[in-house]
Structures are given as C-alpha cells and as structure tokens.
Amino acid sequence: MELNVSANENINGTLVLPLYEGSESVPESCEVGMPNSLKSQINRVLSDGDFKAKKKSTMTLFGGEDGKAILVGLGKSDDCTSHDFRKAGAAVTAGIKKSHGSELTVRFDNVGVANMGAFAEGMMLRDYSYDNYKQKDDDEDKTEVSVRITCSEAEAEELTKLVVEYKGICKGVHLSRDLGNCPPNDMYPEVFADMAWEWAKDFDNVDVTIINYDQAIKAGMGGLVAVGMGSARKPCMVIFEMNKHVEGRCPLLVGKGITFDTGGISLKPGTNMDEMKYDMGGSATVFGTMEALAQTGHEGKVVAITCMAENMPSSNAQRPGDVITTLSGKTVEVLNTDAEGRLVLSDGLWKAGEFDPEYIIDFATLTGACVVALGHEATGLWSNDDDFRTRIHEAGNVVGELAWPMPLLPAFEKEMTDSKIADTRNLGAGRYGGANTAAAFLKQFVPNRGYEKDGEQITWAHMDIAGTYWGSKTNTMVKNGATGIHVRTIHHLITKS
Ligand code: BES
Ligand code: MG
Ligand code: ZN
C-alpha cells in the first residue's frame with residue numbers, strides 16, 4: 001500500500017467515507033468532487049438505516065460508472081477516539097478486495113489531523129500478510145493499492161508529517177512481525193544476528209556488535225551459553241547502538257530471543273509446540289523498535305541487546321539440577337530447563353549496566369502464567385520504579401497497546417533466591433504467581449549504577465508479552481500471527497514522553 005496526503009478535491013478510484021453513527025446523509029464537507037449518483041446512493045443507504053456506522057463496520061457500494069464507495073463506521077461521535085479512527089482504518093484495509101480497484105480516496109468530515117493520522121496509521125498497520133512461504137500464483141498477484149487521504153490546504157503539512165512518521169513506525173512493526181512469523185528452521189540466532197548486521201549497514205548512525213558463542217563463553221555469559229549449548233545452532237548476543245556518540249544516559253532495551261523453545265530436557269508437551277517459534281518475540285520487538293526509531297530519524301542515543309538462543313534437548317543440553325554461573329557472578333540452580341528465558345535475560349540485563357543507561361526495559365514471551373493472568377489482551381508490566389511503570393502504561397494507552405501493572409513483591413524475590421545450593425533458582429516453589437516469580441528472578445540481575453555493591457539499582461521495567469506478541473484475536477491491527485506489539489509504545493515512550 002502506498003499512502004499519501006493531498007489537499008486536492010478530486011476523488012480517484014474508490015471513495016472511502018468514515019461516518020459516525022446516526023449519519024443520515026453524506027456530510028456537507030465531504031460532498032466536493034463526489035459524483036451525484038454515488039452521493040445519492042450513499043444518502044439512500046444512510047437514510048434507510050442500512051448502514052448504521054457501528055465501530056469497525058464497513059459496507060461497499062457499487063455506483064456503476066460513478067465509481068464505488070467503502071463506508072466505514074466510527075461509532076457514536078461523542079465517544080469516538082483516535083483509537084476508533086485507527087481501528088476503522090484497519091477495518092478498511094482488512095476489507096479491501098480486488099473489486100475495489102487500485103486507487104482509494106479517503107474523505108473525512110472535519111475530524112482533525114490527529115484522527116486522520118490515526119486512520120492512516122490503522123490502514124498501514126493492517127496492511128500486512130506473511131506469505132514468503134507460499135508459491136505465487138500469477139492470477140492471485142495482489143494489486144498494489146494507492147491511497148490518498150484528502151484534507152484541507154491548512155491541514156496538509158501537519159498531516160503529511162504525521163503520515164511520514166507513521167510510515168516509519170509501521171516499518172518497525174512489520175519488521176517485528178516478519179521476524180516473529182519466520183519459521184524456526186530459517187530463523188535461528190545466527191540468522192537474526194546476520195539480519196541485524198545487514199540492516200545496520202543502511203544507517204550511518206547505527207552500529208551492531210555480535211557476541212558469538214565462543215566470545216559469550218569467554219565473557220562468562222553462563223545463562224545464554226547454558227540455554228543455547230544444546231542446539232547445533234549456537235547462541236549469541238546482538239547489541240544495537242544508535243547515535244552512540246550522543247552524550248548522556250539513554251534508554252536501553254533488552255529482548256528475549258529464543259528462536260525455538262522446546263523446553264529443553266524439561267521437554268514441553270507436543271500440542272501447539274509450533275507456537276514456540278514466537279519465543280523470540282522480545283528480540284523482534286527490540287529490533288522492530290530500532291527500525292522504527294531509525295526510520296523516523298531519531299537523534300537521541302538508544303542501545304538494545306538481544307539474547308539469542310535455541311532451547312533444544314540433546315546430549316549437550318543443560319540438565320535440571322545444573323548450577324550455572326551467570327555474567328553477574330550470581331549462580332542459578334536450574335530446576336527446569338523450560339524456564340530458559342530468564343536465564344538468557346540474566347546476562348542481557350547484567351550486560352546493560354555497562355552502558356550506564358537511563359533505564360532498562362526488557363521484553364519477553366516469558367511465562368504461560370502471564371497468559372493465564374491477562375489472556376491475549378494485555379502485556380504484564382513490572383518495574384522497580386512506580387512512576388516509570390506508570391509512564392510505560394500511559395505510553396501504551398496513547399497508542400492503544402495495553403500494558404497492565406503487575407506486582408514486584410519481596411515475597412516473590414525471596415522465593416526465587418531460596419535455593420539450597422545456589423544464589424538463585426530459576427523456578428518458583430509452586431505453580432502459583434508464575435509470572436510474578438519470573439519478574440522477581442529477573443530483578444536479581446538488574447545491576448546497580450556503576451555495578452556498585454550498595455548503589456542504587458538502575459530503573460528497570462519488565463514486559464511479559466507471552467500473550468500479546470502473537471495469537472491475539474482482538475488486536476484488529478493484525479490478521480494473525482505475530483502482532484509486533486509495543487514497537488509503537490516504546491517509540492512513543494522514547495520520542496514523546
Ligand atoms: N516461552 C515460554 C513461555 C510461553 C508460554 C510463551 C506460552 C508463550 C506462550 C517459557 O520459556 C516457558 O516455557 N515458561 C514456563 C516457565 C515454567 C517452567 C516456570 C511456563 O510458562 O510454563
Ligand atoms: Mg521455556
Ligand atoms: Zn521460552
């Protein structure tokens with residue numbers, strides 16, 4: 001989809017008309033350039049009550065030689081927010097068929113630049129499908145759709161700016177989805193690292209460093225090594241640095257990148273195990289966010305670390321009962337090899353301290369327990385700083401990506417540091433509160449400033465995206481598969497909050 005803004009009054013191709021509930025005729029401000037017969041057809045449908053303009057509903061009208069129209073509902077005008085505009089835009093994209101032709105013109109009734117922008121964003125976000133692995137049938141070749149958002153002269157500059165920004169952010173979201181949807185035989189640690197390396201070549205202000213398996217062993221990254229050593233595809237850590245010469249403290253993102261999680265020796269049950277290809281969703285979020293920042297010309301410094309490994313059972317795999325030493329020097333009693341995300345993250349979080357960041361946020365498809373708690377509707381959000389947690393929650397609300405506050409309680413920390421033979425254990429004492437015990441485990445590996453023994457712990461948040469990174473039926477920005485969630489939240493957090 002190619003989407004542009006223009007103050008031109010012509011209607012080219014199919015007209016897209018967003019309408020509030022209760023509209024009985026075409027709004028006056030939308031009439032310019034509209035062929036008469038199309039207008040009267042729309043008016044008839046509206047006055048007869050055949051299109052009620054309920055949120056996200058659409059209807060196509062075929063006006064013969066006078067063209068076609070897609071009506072799209074915004075719901076009631078008094079409770080319609082920019083989220084509804086975004087969803088309406090996505091609903092249009094979802095409903096586009098070959099019969100609508102290759103040109104669309106969107107016409108709004110004085111709804112303001114922010115809402116027009118949100119509609120455009122929704123259209124672009126939903127314009128995604130993953131069919132790299134399908135044979136192309138010439139007949140089925142999709143026609144490239146070109147969309148024109150029309151507005152007044154006065155709005156054109158501001159709306160164009162907004163649309164350009166959303167295009168950049170969308171590229172990040174779509175990259176995150178591409179990474180997540182890629183099958184695990186083709187997406188493994190080295191592939192992810194190569195992709196990051198190649199990607200960075202396009203930007204003067206981004207550097208990518210890869211810490212390979214041998215280097216990780218030498219550096220003492222015992223968590224990453226223990227999880228990844230059972231696979232023929234060895235683990236690695238990928239570090240992205242954007243605008244590294246900018247002075248001062250910066251945001252630092254850490255991602256769990258398990259390219260496939262079999263559970264290891266604590267093997268998972270077979271049903272739906274294929275879904276564990278999404279277990280690198282945290283690393284995809286991080287990579288996608290870097291893409292969004294790079295595409296939108298972010299000038300601040302940002303660092304990101306992804307911890308890549310494949311969790312396999314083999315004669316080289318770690319065992320339940322092993323005690324490993326992480327980069328922090330802290331030891332972990334590995335009681336379940338399926339609780340592997342926290343092990344790779346322990347090294348990523350500790351490594352983050354080297355960059356003396358303003359704050360650290362980690363993203364991980366970490367626990368099934370988080371899906372039990374919040375379903376596919378909200379990400380679990382923990383932080384060692386209440387204000388920071390609120391800031392992330394609010395950034396999520398602005399862009400329509402829910403991140404729900406969860407408790408970081410001392411009792412959970414106690415549970416996770418209660419090993420008889422090591423500093424920590426990777427499994428809680430029981431099943432209950434599994435998402436919270438996982439968060440409490442991670443906190444043990446968030447360094448103090450300057451790694452000072454009694455110093456202040458770096459501001460940190462943990463986002464468990466096990467339920468929201470994939471499989472969400474209510475996320476209307478995506479048809480299926482990887483959602484690419486939180487690229488937009490974090491882009492907003494870093495650039496606007
Ligand atoms: N990758 C899984 C968590 C997960 C489950 C993500 C379902 C998405 C959907 C993680 O590595 C895992 O296996 N966690 C275990 C932890 C347990 C052994 C303490 C879990 O949630 O069962
Ligand atoms: Mg696991
Ligand atoms: Zn996992």
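**Figure 1. The buried face of helix α2 in a predicted model.** This view, like the others, comes from a predicted model. Look along α2 and you will find that S82, D84, F85, R86, K87, A88, G89, A90, A91, V92 and T93 are buried. That makes eleven of the 14 residues of α2, so the helix counts as mostly covered. What do these buried residues pack against? Their partners are the strands β2, β3 (58-62) and β4 (68-73), together with helix α3. From the first C-alpha of α2 to its last is a reach of 20 Å, close to the 20 Å expected at 1.5 Å a residue.

**Figure 2. Helix α3 and its surroundings.** Helix α3 takes in residues 113-125. Its 13 residues reach 18 Å from first C-alpha to last, close to the 18 Å expected at 1.5 Å a residue. How many of them are buried? Twelve of the 13 are, and α3 is mostly covered. Among the buried ones you can pick out V113, N115, M116, F119 and E121, and also M123, M124 and L125. The cover over the buried residues of α3 includes the strands β1 (2-6), β2 (14-19), β5 (103-107) and β6 (146-150). Helices α2 (82-95) and α4 (153-181) are part of that cover too.

**Figure 3. Where domain 1 touches domain 2.** The chain is divided into domain 1, residues 2-127, and domain 2, residues 169-496. Taken over C-alpha atoms, the centres of domain 1 and domain 2 are separated by 40 Å. The contact takes ten residues from domain 1 and six residues from domain 2. On the domain 1 side, α2 and α3 each supply at least two residues. Which element gives the largest share of that side? It is α2, with five residues. By type, the residues on the domain 1 side divide into four nonpolar, two polar and four charged.

**Figure 4. The shell around ligand 1.** Here the view moves to the ligand. There are 16 residues around ligand 1, and D338, A339, T367, G368 and A466 come nearest. Which helix gives the most to this shell? Helix α10, made of residues 368-374, does so with three residues. The shell is a mixture: six of its residues are nonpolar, six are polar and four are charged.

**Figure 5. Two buried neighbours of A216.** M221 sits in the loop between α6 (213-219) and α7, while V225 lies in helix α7 itself, residues 222-228. Why does M221 count as buried? It counts as buried because it has 28 C-beta neighbours inside 10 Å, where 20 or more are needed. V225 has 25 such neighbours inside 10 Å, so V225 counts as buried as well. Leaving aside residues up to four places away in sequence, M221 touches A216, M237, L327 and D347. On that same basis, V225 touches A216, I217 and P235. Try following the chain as well: M221 and G348 are 127 residues apart in sequence, yet 8.8 Å apart in space, C-alpha to C-alpha. For V225 and A422, which are 197 residues apart along the chain, the C-alpha atoms are separated by 18 Å.

**Figure 6. Two loop residues with positive phi.** Most residues other than glycine have a negative phi. The two residues shown here go the other way. A53 has a phi near 60 degrees, a positive value in a residue other than glycine. Where is A53? It lies in the loop between α1 (36-47) and β3. Since A53 has 23 C-beta neighbours inside 10 Å, it counts as buried. For H486, phi is near 75 degrees, again a positive value in a residue other than glycine. H486 has its place in the loop between β17 (459-464) and α14 (487-496). With 32 C-beta neighbours inside 10 Å, H486 also counts as buried.

**Figure 7. Stepping back to the chain.** To place the close-ups, here is the chain as a whole, with 14 helices and 17 strands. Its radius of gyration is 24 Å, close to the 23 Å that the globule rule gives for 497 residues, so the chain is as compact as a globular protein of that length. Along its principal axes, the C-alpha trace spans about 80 × 45 × 45 Å. Of the 497 residues, 53% count as buried. Among contacts between residues at least 6 apart in sequence, 78% join residues at least 24 apart.

Terms used
Residues are numbered from 1 along each chain as its sequence is written. Chains are lettered from A and ligands numbered from 1 in the order in which they are written. This is a predicted model: local features need pLDDT of at least 70, side-chain atom pairs count only at pLDDT 80 or more; totals for chains, interfaces and linings use all residues. A residue is near a molecule or strand if its C-beta atom, placed from the backbone, lies within 6 Å of it. Helices (H or I, at least four residues) and strands (E, at least two) are DSSP runs, numbered from the N terminus. Ala, Val, Leu, Ile, Met, Phe, Trp, Tyr, Cys and Pro count as nonpolar, Asp, Glu, Lys and Arg as charged, and the others, Gly among them, as polar. The radius of gyration is taken over C-alpha atoms; the globule rule is 2.2 Å times the number of residues to the power 0.38. Two residues are in contact if their C-beta atoms, placed from the backbone, lie within 7 Å. The expected span of a helix is 1.5 Å times one less than its number of residues. Domain bounds come from an automatic or database domain assignment.
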